[in-house]
Every structure is written in structure tokens, then in C-alpha cells.
Amino acid sequence: VLQAMLPLLWFSLKVFAFLFVYVWIRGTLPRFRYDQLMAFGWKRLVPLALFNLVVTSLVVALRA
């Protein structure tokens, strides 16, 4: 009986740990406004993605 319940107990423990960390982080960190997220995306993430695209294409082109 214990051997059959051990995976269920382990799964429940992992789910509880994940939910605990999720609620803890969500309650601790400040929430960003929509305009802040959009500014972050345009000012930081888009240039980073373009840089990543250029570097990756250079690596692929130089290896060929």
C-alpha cells in the first residue's frame, strides 16, 4: 500500500512546493503596468533579439 501511495505523495509534495513558490514570488515582487512591459519589450527585448539573430546568422555563415 505504501509503495502505491509513494508516487502520489511525491507528486503532491512537488505541486505544493511549486504553488508555494509561485504565490510567494507573486506576492513579493511588484506588478508591472502594461506600459512598463511594452517599454521593456521595445527598448530591451527587441534589440536583444535582433542582436541574437545577427550573431546566430554569423556563426552559421562562418561554419558553412
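When I say helix here, I mean a DSSP run of H or I with at least four residues, while a strand is a run of E with at least two, and both are numbered from the N terminus. With that in hand, Val15 lies in helix α1, which covers residues 2-28.

Before going further, I should say that this is a predicted model, in which local features need pLDDT of at least 70 and side-chain atom pairs count only at pLDDT 80 or more, whereas totals for chains, interfaces and linings use all residues. Residues are numbered from 1 along each chain as its sequence is written, and side-chain values use heavy atoms, with hydrogens and water left out.

Let me start with the whole chain, which has 2 helices and 0 strands. Its radius of gyration, taken over C-alpha atoms, is 22 Å, well over the 11 Å from the globule rule (2.2 Å times the number of residues to the power 0.38) for 64 residues, so the chain is more spread out than a compact globule. The C-alpha atoms fill a box of roughly 60 × 40 × 15 Å along the principal axes. Buried residues, meaning those under 20% relative accessible area with a 1.4 Å probe and protein chains only (exposed is over 50%, partly exposed in between), make up 2% of the 64 residues.

Turning to α1, its end C-alpha atoms are 38 Å apart, which agrees with the 39 Å that its 27 residues should span at 1.5 Å a residue, the expected span being 1.5 Å times one less than the number of residues. Of those 27 residues the number buried is 0, so α1 lies largely in the open. Val15 counts as partly exposed because its relative accessibility is 34%, and Val23, also found in α1, is exposed at 57%.

Both valines belong to a nonpolar surface patch with Phe11, Phe18, Leu19 and Tyr22, and together the six have about 630 Å² of accessible area. Patch members have over 30% relative accessible area and no salt bridge, with nonpolar side chains (Val, Leu, Ile, Met, Phe, Trp, Tyr) joined within 5 Å and like charges within 9 Å.

Helix α2, residues 34-63, reaches 41 Å from its first C-alpha to its last, close to the expected 44 Å. A kink of about 35° is centred on Gly41 in α2, the bend at a residue being the angle between axes fitted to the seven residues ending there and the seven starting there.

Finally, a search of the whole structure finds 1 salt bridge, defined as a side-chain nitrogen of Lys or Arg within 4 Å of a carboxyl oxygen of Asp or Glu. Asp35 forms a salt bridge with Arg33, with the closest N and O atoms 3.1 Å apart.

How values were computed. Accessible areas come from the Shrake-Rupley method with a 1.4 Å probe; for residues, only the protein chains shown count as cover.
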